Amino acid sequence: MKKRKELKCLGRRSLKAHWLVFVALCLTAAFLGSEFTGSLTVMQKSAEAASGQISISIAPFPFNLGLSGGLSDVLRETLYNSPKEGMRLSMERQQEAITKAENGPAALGRSRGVLARIVNSLTSGSMLVVLVSALRSVVGSSDLVLIILILAGAGFVFLKWLLLENMFSVIVRRIYLEGRCYEKVSPRRILYLLRIRKWFSVCLIMFVCSFYQAMWWLTLIGGLIKKYSYFLVPYIAAENPGLSPRQAITLSRNMMRGHKWQCFCLQVSFLWWNLLSMMTMGIAGILYVNPYKTAVYCEYYAELRRLAIQNRIPGTEVLCDRYLFEQADDALLQSAYPEVFGHSQSQHSTPPPLNGIRRFLARWLGISILNRQENAVWEEWLNGVLKRIGLEADAERRSYPTRLCPFPEAEKRRWLENLHYLRAYTPWNLILIFFIFCMIGWLWEVSLHLVTDGQFVNRGVLHGPWLPIYGSGGILILTLLNRFRRQPFAEFICIVVLCGIVEYVTAWYLEILTHGQKWWDYTGYFLNLHGRICAEGLFVFGVGGMLFVYLLAPLMDTLLKLLSIKIRVLLCVVLLLAFTADLAFSCIHPNQGEGISSGPETMVSALSSARQTHTESLQNLT
């Protein structure tokens, strides 16, 4: 058996190789409430103490629903007085929050926007009032509504714990175990249990284990002993998620027999690290201590597994994921990955013969000025490169060989395989996609204004049914960010940054061009910058941009290729002529008016209108 010093040395080595992924996993687990929540709690309490805020627990009901004092008051007024009183109290809280936000930083405005409405409704309790009022009108009893809320809350918490929190620790251990032997661990491995269709199986294992543990805690001493008896269950489930709960628990008990005190001493040895985490307000715990301890415990499991197999402990035959703990030999990898080692290697090793500007446009901007056959060859090469990167990492022992896993991963659906996002777009298709996205943006803006304000408004500076900022943003995402398309996280960040720059510069330029006239103004939105961009809009652009890059644009391109080149060219010419005429006319007579553009004085009146709306609501309630 290896000593604690050796286990910690191996854990540090594993953490050093995958620090960013391991920290992200532990932080995600903490936010989900799966484990490591203590670090976030320490940070929260420290922040409250630094700001002079004191949390007071108020429980005006027979059961604690987990609400703050203000929300509890709103719920009490709604249930035991009237929904009108609850809404009045909620609106007062909302008005106080808006006034406080207006006196604070402008970027934290809460008077306008969908995000501000969500924040206000959640913090003030107005959403809760609507829900309780609807339930009360149906059942006709305040006490019964309270019981329904308790049961619904308990059911939601239980499902969240069962399907996500309790089993996420298994996902964490799986990725940590892969990081022990392999230098590359993809964040996509977080979907490992879904891909092998064992998510609910693992949920059942962890549920039974937690239930047994809870029953043993009723005996106090038994709970402490069984805590270490069941210590290896999430590690065993991570290696073999196809086991029954009884198999996993029994095997953990057998493997931990004679090692409980040793495990206790290993946990105690992290005492100074835990103190460091507390002294740094949880920051050290998030950035190092939690990932470090998890890496060491994975080394501990690997050592106990080796001893169990060596001593032929009953049940160890189910520990069948051999290449999770050791690397496969060359012969086995060559048989599992013939396309990497075989003659097919040359098919995708070099790109099609392109030279000069055509090669630059295709590789850097994703623009194809090739004929149909050359373009098909280029797209096949691009997707072959993406697939080959993953296969080569497996075959070269840089990542876990998924083809040697005892549980084969489910194959992707055929229609998804045809939507290759690594492709080069022809100029004609880019022009048509530009106009399609301009029209989609126009429909989105018009529909949003129609739903929120109840009137049709032709949004945008132009008169036609298009918003160029949407099309321009889409084309810039497809071209300028073409090199980031293989890395979704980097693509999302770049989309947010690019769209923010485009929207801010466009707003600034239009204000200069039209002497302060505004076609959009985010003043009062939560987290805005000079009213030209806001967090809400950038997040929507980021999510929409990801859908555009990985789904909509490939789908549009595939459908447009069904049209003949003559029809596509004709459509491009007609649309470009109409767009140019509209642009020239709008330079002289821009589209403006109520709901379309606003000057500086309109911006002030909008804020006053928001405050007046809340005041009138309070007056109507009283």
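Start by selecting residues 4-17, helix H1, together with residues 283-310, helix H16; their axes come within 8 Å and cross at roughly 120 degrees. That angle makes H1 oblique to H16, since the range for roughly perpendicular ends at 115 degrees and roughly antiparallel begins over 145. Turn the view until one helix lies in front of the other: H1 passes H16 in a right-handed crossing. Note that this is a predicted model.

Now show the side chains where the two helices meet. On H1, select Leu7, Lys8, Leu10, Gly11, Arg12, Ser14 and Leu15. On H16, the residues in contact are Tyr288, Pro291, Tyr292, Ala295, Val296, Glu299, Tyr300 and Glu303. Colour them by class: nine residues in this contact of H1 with H16 are nonpolar, two are polar and four are charged.

**Second stop: H10 and H13**

Hide the previous selection and pick residues 199-217, which form helix H10, and residues 245-256, which form helix H13. Here the axes come within 8 Å and cross at roughly 55 degrees. H10 and H13 are therefore oblique to each other, and H10 passes H13 in a right-handed crossing.

Which residues of H10 and H13 make the contact? From H10, select Leu204, Ile205, Val208, Cys209 and Tyr212. From H13, add Pro245, Ala248 and Ile249. With the class colours on again, the contact of H10 with H13 shows eight nonpolar residues, no polar ones and no charged ones.

**Third stop: Arg459**

Go next to the loop between helix H23 (427-453) and helix H24 (468-480), and select Arg459 in that loop. Is Arg459 buried or exposed? Its relative accessibility is 16%, so Arg459 counts as buried; the cut-off for buried is under 20%.

Then add Leu443 to the selection and draw a distance between the two C-alpha atoms. Arg459 and Leu443 are 9.0 Å apart in space, with a separation of 16 residues in sequence.

**Last stop: the whole protein**

Clear the selections and show everything as a cartoon. The protein has 28 helices and two strands. Of its 622 residues, 43% count as buried. Switch to a surface view: the protein exposes about 33100 Å², and carbon and sulfur atoms supply 66% of that area.

Finally, colour the chain from one end to the other and look at which parts touch. Among contacts between residues at least 6 apart in sequence, 74% join residues at least 24 apart. The contact of H1 with H16, where the tour began, includes Leu7 and Tyr288.

Conventions:
Residues are numbered from 1 along each chain as its sequence is written. This is a predicted model: local features need pLDDT of at least 70, side-chain atom pairs count only at pLDDT 80 or more; totals for chains, interfaces and linings use all residues. Side-chain values use heavy atoms; hydrogens and water are left out. Axes are lines fitted to C-alpha atoms, for helices over the stretch in contact, and angles run from 0 to 180 degrees between N-to-C directions. Helices (H or I, at least four residues) and strands (E, at least two) are DSSP runs, numbered from the N terminus. Angles under 35 degrees count as roughly parallel, over 145 as roughly antiparallel, 65 to 115 as roughly perpendicular and the rest as oblique. A crossing is left-handed if the near helix is turned anticlockwise from the far one by less than a right angle, and right-handed if clockwise. Contact means heavy atoms within 4.5 Å. Ala, Val, Leu, Ile, Met, Phe, Trp, Tyr, Cys and Pro count as nonpolar, Asp, Glu, Lys and Arg as charged, and the others, Gly among them, as polar. Buried means under 20% relative accessible area, exposed over 50%, partly exposed in between (1.4 Å probe, protein chains only). Accessible areas come from the Shrake-Rupley method with a 1.4 Å probe; for residues, only the protein chains shown count as cover.
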